[in-house]
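Colleague: Please take one part of this model and describe it closely, with the criteria behind each term. What does that part pack against, and how is it connected to the rest?

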Amino acid sequence: MIGAGLSSRIKTVGEGWDQGQVPTVVIKHTSRPPKTSTAIRALVDYISCAHQSAARPALKLNLFDEFGEEVEFADRRNQLKNWPILSDKENLRPRQSNPVSDNMRRYQAHHLIWSFDVSKSHLTEERVVAAMQAVTRQFVFDQFAMDGRAVLWTIHRDKPGRPHVHMVVSGFNDDGRALGLDKSRSKLDDFSAELARYGRLFDLPMKFERREDNPLIRRQVINGAVLRNTRKRVSYERSTNLWDRVPNWWGRYSSDLLDRLENLANGVHKSSRRPKVSFPPASLPHIFSSIFTDPKSAATCFAAMVHSGVARSEKSLALWYLINRPEYFGYPLISSTRDSRKKIAARISRVPVPTFPETKLIDRRGEYLRRKNRQHQLRDLTQMVRSLNRLRKKAEDARINEYTVLTIKGVAEDILRAYNQINVPPRKRENWRIRLNKRGKSLFTRKK
């Protein structure tokens with residue numbers, strides 16, 4: 001007997017099953033499920049909005065248990081006492097004595113989320129929230145309560161037009177059997193398919209469909225479209241190397257910078273006398289006259305760093321170097337201090353930095369975006385081939401008819417053919433081929 005998620009995927013790809021133009025529901029699973037009892041309590045406090053922060057107020061929401069009974073906010077901790085939760089010492093790995101999360105063996109709870117876009121239906125938000133509550137109550141009872149698992153769930157409405165449900169599910173049932181969501185995605189697919197079925201029963205238009213099963217998305221990927229563009233990386237993920245952030249600036253000014261740093265290390269300074277500046281008061285060189293011995297060349301170097309970023313302006317990066325490393329732009333005056341540079345940086349941050357004729361460098365933004373799009377296209381094609389190949393193997397194991405298996409195989413071969421036609425260097429293509437074939441040694445070899 002095959003699961004609901006696998007059955008839905010096989011119907012969509014192999015038989016062309018069209019569920020209509022309705023929103024696709026996906027149950028999301030957080031990447032780090034809690035292992036300690038403290039983390040479980042913190043997660044329950046999070047879904048009940050127990051604490052106030054800059055992003056969200058303390059709403060102190062009531063929760064619902066696995067039977068759909070309402071749990072008062074003040075009783076949420078007492079509810080957890082009935083859960084099959086191991087103590088931190090009982091959950092330690094062998095030969096471990098420190099009760100830290102990395103030393104724990106088992107995930108003791110799972111955080112699941114699903115949402116609905118009100119704009120994709122003709123229903124009002126109040127009607128959608130009421131239907132989501134009824135759907136979640138029935139889904140939790142059938143999938144978790146009947147299996148002996150404890151659940152606490154609630155609905156958040158902090159995003160207008162996008163209500164979403166948070167569910168905290170115990171990692172073990174009454175018999176000690178693990179849920180295993182961290183090891184297999186097929187269960188999440190089954191849950192998503194069942195949730196979509198419950199939604200249709202309660203007049204909430206939903207369907208379950210993976211992206212690689214959707215023929216329209218599949219066609220877009222084969223034709224070269226990118227499903228997910230370059231996401232905005234947070235500060236700690238960004239490269240701090242100047243040759244990565246501002247390659248044009250580094251290529252033009254790095255040799256002068258290295259010579260200047262060597263001179264400063266040997267105690268060689270230019271004249272510390274403040275030069276006379278004949279520029280208008282609002283110009284950048286006039287502002288730099290209180291920092292550098294040669295304000296015009298320093299202003300040009302500063303503007304070059306601002307305007308030679310790979311994908312966008314690097315004004316914040318240039319201001320940081322102006323405050324902390326002014327020698328990167330020129331010989332600083334001995335009288336300049338960090339506090340004075342901070343005041344000047346505050347003035348510069350409020351005005352646009354002019355583009356000097358010397359800063360018109362080679363634009364590498366298009367090259368950078370083309371390279372990233374090519375990498376993302378390779379990633380999307382790789383994921384689709386892997387997923388469809390696993391689907392074909394599961395269909396063979398479930399003894400689905402030969403026509404459906406061949407259809408899924410043909411779709412995967414079309415995607416692999418598009419992958420082979422991408423204009424990448426041969427060595428790069430071979431590396432991707434190795435990565436593509438590493439998990440299942442041959443993509444389309446039948447099991448004997």
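**Helix α5 and its surroundings**

Modeller: Of the 448 residues of the protein, 43% count as buried (buried is under 20% relative accessible area, exposed over 50%, and partly exposed in between, with a 1.4 Å probe and protein chains only). The model is predicted, so local features need a pLDDT of at least 70 and side-chain atom pairs a pLDDT of 80 or more, while totals for chains, interfaces and linings use all residues. Residues are numbered from 1 along each chain as its sequence is written, and side-chain values use heavy atoms, with hydrogens and water left out.

The protein has 15 helices and six strands (DSSP runs numbered from the N terminus: H or I of at least four residues for a helix, E of at least two for a strand). Of the contacts with a separation of 6 or more, 69% are between residues 24 or more positions apart (a contact is heavy atoms within 4.5 Å).

The core comes first. The largest nonpolar core holds 33 residues (such a core is a set of buried Ala, Val, Leu, Ile, Met, Phe, Trp, Tyr and Cys residues joined through side-chain atoms within 4.5 Å). W114, F139, F144, M167 and L204 have the most contacts inside this core. At least two core residues come from each of α4 (125–143), α5 (186–201), β4 (109–115), β5 (151–156) and β6 (164–170). The biggest contribution is that of α4, with seven residues. One of the well-connected members, L204, touches W114, F116, L123, V128, A131, M132 and G199, leaving aside its neighbours within four places in sequence. A second core, separate from this one, has 31 residues, L257, L284, M305 and L317 among them.

Helix α5 also carries part of an aromatic cluster, in which ring pairs link F139, F144, F191 and Y198. The protein has 12 aromatic pairs in total (rings of Phe, Tyr and Trp, the last by its six-membered ring, pair if their centres lie within 6.5 Å; planes under 30 degrees apart are stacked, over 60 edge-to-face and the rest tilted). F139 and F191 have ring centres 5.9 Å apart and planes at 85°, so this pair is edge-to-face. Since F139 belongs to helix α4 and F191 to helix α5, the pair ties together parts that are 52 residues apart in sequence. F139 is buried, at 0% relative accessibility, and F191 is also buried, at 8%. Elsewhere, W320 and Y321 form another edge-to-face pair, 5.0 Å centre to centre with 80° between the planes. There W320 is partly exposed, with a relative accessible area of 43%, whereas Y321 is buried at 10%.

Next is the packing of α5 against another helix. Two packed helices are described by the angle between their axes and the distance between the axes. For α1 (residues 4–14) and α5 the angle is about 75° and the axes are 6 Å apart (axes are lines fitted to C-alpha atoms, for helices over the stretch in contact, and angles run from 0 to 180 degrees between N-to-C directions). The angle makes α1 roughly perpendicular to α5 (65 to 115 degrees is roughly perpendicular, under 35 roughly parallel, over 145 roughly antiparallel and the rest oblique). On the α1 side the contact is made by A4, G5, L6 and R9, and on the α5 side by D189, D190, A193 and E194. By class, these are three nonpolar, one polar and four charged residues (Ala, Val, Leu, Ile, Met, Phe, Trp, Tyr, Cys and Pro are nonpolar, Asp, Glu, Lys and Arg charged, and the others, Gly among them, polar).

The partner helix α1 is largely enclosed by the rest of the structure, because eight of its 11 residues are buried. These are G5, L6, S8, R9, I10, T12, V13 and G14. After α1 comes G16, with a positive phi near 65°, in the loop between α1 and β1 (28–29). G16 counts as exposed, at 55% relative accessibility. Its C-alpha atom is 8.9 Å from that of P215, 199 residues away along the chain.

The loop between α5 and α6 (215–222) contains D203. Although D203 is not a glycine, its phi is positive, about 60°. D203 is exposed, at 55% relative accessibility. K60, in the loop between α2 (37–47) and β2 (63–65), is likewise not a glycine and has a positive phi of about 55°.
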